[in-house]
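Here is a short briefing to read alongside the model. Have the viewer open, and let's walk through the main topics together.

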Amino acid sequence: MITVAGFNTAIDHLFTVDALVPGTVQRAAQAEPYPGGKGLHVAQTVAALGERVQLVGLVDAAHRNLVARRMAERGVLFHGIEIEQPMRSCIAVRERAGRVTEILGPGPELGPAEREELLRAWWHCAEESVLLVLSGSLPRGFDADAYASMVRQAAGRPCLVDASGEVLRHAAGSGAFLLKPNRDEATELAGRPVRTPEDAAALARALHAQGIVLPVVTLGAEGAVGFDGRSVWHASVTLERSANVVGSGDCLLAGLAVALKRGEPMAEALRLGVACGAANAMDEETGYVRRERVLALQPQVQVRRMDS
Ligand SMILES: Nc1ncnc2c1ncn2[C@@H]1O[C@H](COP(=O)(O)OP(=O)(O)OP(=O)(O)O)[C@@H](O)[C@H]1O
Ligand SMILES: [Mg+2]
């Protein structure tokens, strides 16, 4: 079993318009609410790849059915901790030409009792898992070192962490098994621009020296770079067109989690991860892949060793 902490579950509202004109009233051709959040994306992608997975996250009474139904349909065991405040909501406006504008709500602010309940559910689920994923923003009320503490308390279970800002900085010093910053997060963490695979390799080596067993830096269409302590690997696949790249990092993380759970080495984990990231980019939906698409992309992924 893989367990995902995606505490800040969201309800995403997707509006489709011809072209967004700020400051005007516009009618959407399509408007649809659906469950979202980075941890939820990871969990549903892990399930799509055929591994058992559970997700621990917040939910409110108004959306419990929507989230539970979607997760059940997708094969994810959902442990929803119900709160009084409305759960986080996010708006995405997609224009006909493909551009997406996102507005992310701040989400609820949790008190000590709610945080305690969430963490209790998390530890209960983590105990029966071989691999843990901590992904996305923490609900307000948690300290920035919450992921780092969860990693330290995981009693040797490998933790894969995807975070940003201060939460990422703390996680970098936590001895997490895998850390997955994207280009912007890597730049912030390194304190200098991370643009090329060579820049990414230098950061991956530095993170490894700091105690991260398998650091992976993602570079959007340029793929991903990972270090396994011996070699630096670069994996990428070229797509003719992409429909929606939002959530590609979440899907890549799911691919890494599945491959590592199956005992694959870094090079093969990157291959599956990159295939998942690209599969997400090819479809309209955010943070989900179809298994057939991943399997078709996998052999097209170029994996090269950078240091020989
Ligand atoms: N246009 C693309 N073409 C091919 N592969 C892509 C493309 N965009 C993303 N990918 C794949 O997905 C992976 C993750 O993408 P990216 O670096 O954009 O993650 P991210 O910024 O963390 O995304 P998010 O946080 O929205 O999930 C990349 O490493 C790459 O393998
Ligand atoms: Mg990301």
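Helices (H or I, at least four residues) and strands (E, at least two) are DSSP runs, numbered from the N terminus. With that in hand, α8 (248-261) and α9 (266-282) each supply at least two residues of the shell around ligand 1. This is a predicted model, in which local features need pLDDT of at least 70, side-chain atom pairs count only at pLDDT 80 or more, and totals for chains, interfaces and linings use all residues. Residues are numbered from 1 along each chain as its sequence is written, chains are lettered from A and ligands numbered from 1 in the order in which they are written, and side-chain values use heavy atoms, with hydrogens and water left out.

**Ligand 1 and its surroundings**

- There are 21 residues around ligand 1, and N182, T218, G223, G247 and G249 come nearest; a residue is near a molecule if one of its heavy atoms lies within 4 Å of it.
- α8 gives the largest share of the shell around ligand 1, with 4 residues.
- Three polar contacts are worth a look, a polar contact to the ligand being a pair of N or O atoms within 3.5 Å.
- A polar side-chain atom of K180 lies 3.2 Å from an oxygen atom of ligand 1.
- On the backbone side, a polar atom of G247 is 2.9 Å from an oxygen atom of ligand 1, and a polar backbone atom of D250 is 3.1 Å from an oxygen atom of ligand 1.
- On its own, ligand 1 has 640 Å² of accessible area, and the protein covers 86% of this (Shrake-Rupley method, 1.4 Å probe).

**Cysteines**

- The model has 0 disulfides, where a disulfide is a pair of cysteine sulfur atoms within 2.5 Å.
- C251 is in no disulfide, and its nearest cysteine sulfur, that of C276, is 6.7 Å away.
- C251 is buried, with a relative accessible area of 0%; buried means under 20%, exposed over 50%, and partly exposed in between (1.4 Å probe, protein chains only).
- C276 is likewise buried, at a relative accessible area of 0%.

**S137 and its loop**

- You will find S137 in the loop between β8 (131-135) and α4 (146-152).
- S137 has 39% relative accessibility and so counts as partly exposed.
- Although S137 and G37 are 100 residues apart in sequence, they are 8.7 Å apart in space, C-alpha to C-alpha.

Notes
Polar contact = N/O pair within 3.5 Å; in protein donor to acceptor, adjacent residues only side chain to side chain.
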